[in-house]
Amino acid sequence: MRSFSLQINKLTLETPLILAPLAGYTDLAFRLLCREYGASLCYSEMISSHGLVYRKSKTMEMTRTVSEERPVSIQLFGADPDIMGEAAAMLTDLPIDLIDINMGCPVRKVVKKDSGAALMKNTWLALSIIKKVCNSTPLPVTIKIRTGWNHDTINAPELAKMAEDNGIAAIAVHGRTWSQGFSGTANWRLIAQVKDAVTVPVIGNGDITSHVEAMAMLNKTGCDGIMIGRAALGNPWVFRPEGRPDSLSMRMTGLHRHLQLIAIHSNPEKILAKIKNHSGRYFKGVAGGSAIRKRIYDAKSFTELLEITDSI
Ligand SMILES: Cc1cc2nc3c(=O)[nH]c(=O)nc-3n(C[C@H](O)[C@H](O)[C@H](O)COP(=O)(O)O)c2cc1C
């Protein structure tokens, strides 16, 4: 296996495994948990540049971070270069390490406003945003892209090169086009082509569910880091070589720590549905898991959820 080192400007990452941005999931508590379990860097959920510039309270809350979670990347989305620049300047005052630009979100309401994956087909706008953001902050700026808009317009390698030439410090590539959504499988050949096109670090992404798969993607594509999204939900062990334990009590230990972090860093009773969604995922595929999941979904309060984790 080739030796590993992931350096994004002055930031050195201890391992190649990175938590992907997941809207609705990668909040401060979950990021801290993943850092504790071995993720070398975590990305925030995508944050609206408009919401930030207009100081909407929900958006401001999403930028909350603590120094223990560093290194952390805050991801911005938007389509107005000036607003994106202003938002990046605002983020610069936070104790963060990277600012990422979302160029991959496939959700219709985002794409309809020319943000997210729509930037893959509007490279002129993508370039204006990159320039504006890079000129508005001394922090390293990264992008997260897809392989292209659709099968006929694959342009990730060209876009990556253009981004590098304009100051982007690293590039994460989800190996699917916009039109694929989450169907099919991630295309490793295109991730390798992006790696060949640039000298800045490339982070491969898509469908990785274990350490073994992550190492295979690193070796086969030549990329420098691996970003893990869905497989980390209810499974922070994915960042460890040994992977997720089979025992119910070990799974409970993971959830218990997650709930502790939620209690410290948020107002749990206000986000009970979201916490249950996270919690149920810890018991996938484990004996006795479905009974625990039922107790979780029936819980009426955060205190009741904590009691479930204390009872095993
Ligand atoms: C629920 C959910 C939310 C996501 N939110 C974001 C986001 O905020 N920003 C982003 O760039 N990608 C987002 N993604 C895409 C992931 O970061 C990642 O690229 C994708 O899930 C593929 O990686 P995986 O197979 O490891 O999950 C999201 C994906 C899911 C399933």
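**Close-up views of a predicted model**

At 66% relative accessibility, Lys 109 counts as exposed, the cut-offs being under 20% relative accessible area for buried, over 50% for exposed and partly exposed in between, with a 1.4 Å probe and protein chains only. This is a predicted model, in which local features need pLDDT of at least 70 and side-chain atom pairs count only at pLDDT 80 or more, while totals for chains, interfaces and linings use all residues. Residues are numbered from 1 along each chain as its sequence is written, and side-chain values use heavy atoms, with hydrogens and water left out.

**View A. A patch of positive charge on the surface includes Lys 109.** Lys 109 sits in helix H5 (residues 108-111), helices being DSSP runs of H or I with at least four residues and strands runs of E with at least two, numbered from the N terminus. Its partners in the patch are Lys 56, Lys 112 and Lys 113; patches are made of residues with over 30% relative accessible area and no salt bridge, like charges being joined within 9 Å and nonpolar side chains (Val, Leu, Ile, Met, Phe, Trp, Tyr) within 5 Å.

**View B. Trp 149 and Trp 178 form a stacked aromatic pair.** Their rings lie 3.9 Å centre to centre with 0° between the planes, where rings of Phe, Tyr and Trp (its six-membered ring) pair if their centres lie within 6.5 Å, and planes under 30 degrees apart count as stacked, over 60 as edge-to-face and the rest as tilted. Trp 149, in the loop between strand E7 (141-145) and helix H7 (156-165), is thereby linked to Trp 178, in the loop between strand E8 (170-174) and helix H8 (188-197), 29 residues apart. Trp 149 is buried at 12% relative accessible area, and Trp 178 is buried at 17%.

**View C. Trp 237 and Tyr 282 meet edge-to-face.** The ring centres are 6.1 Å apart, with 80° between the planes. Because Trp 237 lies in the loop between strand E10 (225-228) and helix H10 (248-265), and Tyr 282 in the loop between helix H11 (272-280) and helix H12 (289-298), the pair ties together parts that are 45 residues apart in sequence. Tyr 282 is buried at 0% relative accessibility, and together with Tyr 37 and Trp 237 it forms one aromatic cluster.

**View D. Glu 69 forms a salt bridge with Arg 31.** The closest N and O atoms are 2.8 Å apart, a salt bridge being a side-chain nitrogen of Lys or Arg within 4 Å of a carboxyl oxygen of Asp or Glu. Both residues, Glu 69 and Arg 31, are buried.

Conventions: Accessible areas come from the Shrake-Rupley method with a 1.4 Å probe; for residues, only the protein chains shown count as cover. Lys and Arg count as positive and Asp and Glu as negative; His and the chain ends are not counted. The place of a charge is taken as NZ of Lys, CZ of Arg, CG of Asp or CD of Glu.
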